[in-house]
Amino acid sequence: SCWFSLDFMANISLTGCANTTFDASEGSHTIIVYANDISGNVGFSAKNFSVQIGAPSILLISPVDSFSNISNVLFNYNASDIDLQICELWGNFNGTFTKNQSNNSVVSGQKSNFSLNLSDGQYIWNVRCNDTQNHSAFDGNRTFIIDTIPPNLTILSPINSFSDKTNIPLAYQISDANNVSSCLYNVTKGASLEISNTALSGCVNATFSVSSDGDYVLWLLASDIAGNNVIKNTTFSVSTPS
């Protein structure tokens, strides 16, 4: 006689010791098949297997709704399926949303990536995966922006000379204003630091004061969301009336 047990549950007889079929839920399972002879000797064999129904599961990791100042982009993702076969990178990298490249050696449950050099611009991307049963799936589209160009910064003031040590105007223009994330300045007098790395809230014009008459240098730094920085400086002097 022959019989089997699924996941160590009740034994089920195999009529005539013939092959058969059975139902199993989604997930991991263990099956043990037994057989005995007329002398009462019993042999068995155990196997582990998994059941997964439907298309692969895909998680897009990065870049997701982000800015980057690097042209070489890594598209990181994680795909899972017991019979995962191939994954493809899709995007509008050439103006039309199409397949760009494929990965035939993707491993289920492990982070994988595609690499691509892109010019500055805004992009949409996704990953499509297939299994050996021809089930396929996309994750939801993700967007990102590449910006490798620093803001264009022009200092309008202070320049030349001032007759008052207080309320010296700091005025400037930034052409990349929509993407600027932070601005700060410092002021030096010779080798001495007069004002140290002071943030400009909202990157708007401001005023500042110095401690004494003399020649000064103002340094202004602006950073955009992608992490590009620009630094400009201007010289001015203060001479109050005696």
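Two strands count as paired if DSSP finds at least two bridges between them. The model used here is predicted.

**Exercise 1. Trace the partners of strand E11.**
Which strands pair with E11, in which sense, and over how many bridges?

*Solution.*
- Step 1. Start with strand E8 (residues 84-91). It pairs with E11 (residues 121-131) in the antiparallel sense, over seven bridges. For a check on screen, find Leu84: its bridge partner in E11 is Asp131.
- Step 2. Move to strand E13 (residues 142-146). E11 and E13 are antiparallel and share five bridges. Here Trp125 has Arg142 as its bridge partner.
- Step 3. Add strand E12 (residues 136-138). Three bridges link E12 to E11, again in the antiparallel sense. Asn130 is bridged to Ser136.

**Exercise 2. Inspect the hairpin of E11 and E12.**
How many residues lie between the strands, and which residue takes a positive phi?

*Solution.*
- Step 1. Count the residues between the two strands: there are four.
- Step 2. Check the backbone angles. Asn134 has the positive phi, near 65 degrees.

**Exercise 3. Map the nonpolar cores.**
Which residues of the largest nonpolar core touch the most other members?

*Solution.*
- Step 1. This core holds 23 residues. Those touching the most other members are Tyr172, Tyr185, Phe208, Leu218 and Phe236.
- Step 2. Assign the strands. E14 (153-157), E16 (168-174), E17 (180-189), E20 (214-224) and E21 (229-238) each supply at least two residues of this core.
- Step 3. Zoom in on Leu218. Leaving out residues up to four places away in sequence, its contacts include Ile155, Leu170, Tyr185, Val187, Phe208 and Phe236.
- Step 4. Look for a second, separate core. It has 21 residues, among them Ile58, Leu60, Phe114 and Trp125.

Definitions and conventions
Residues are numbered from 1 along each chain as its sequence is written. This is a predicted model: local features need pLDDT of at least 70, side-chain atom pairs count only at pLDDT 80 or more; totals for chains, interfaces and linings use all residues. Side-chain values use heavy atoms; hydrogens and water are left out. A nonpolar core is a set of buried Ala, Val, Leu, Ile, Met, Phe, Trp, Tyr and Cys residues joined through side-chain atoms within 4.5 Å. Buried means under 20% relative accessible area, exposed over 50%, partly exposed in between (1.4 Å probe, protein chains only). Contact means heavy atoms within 4.5 Å.
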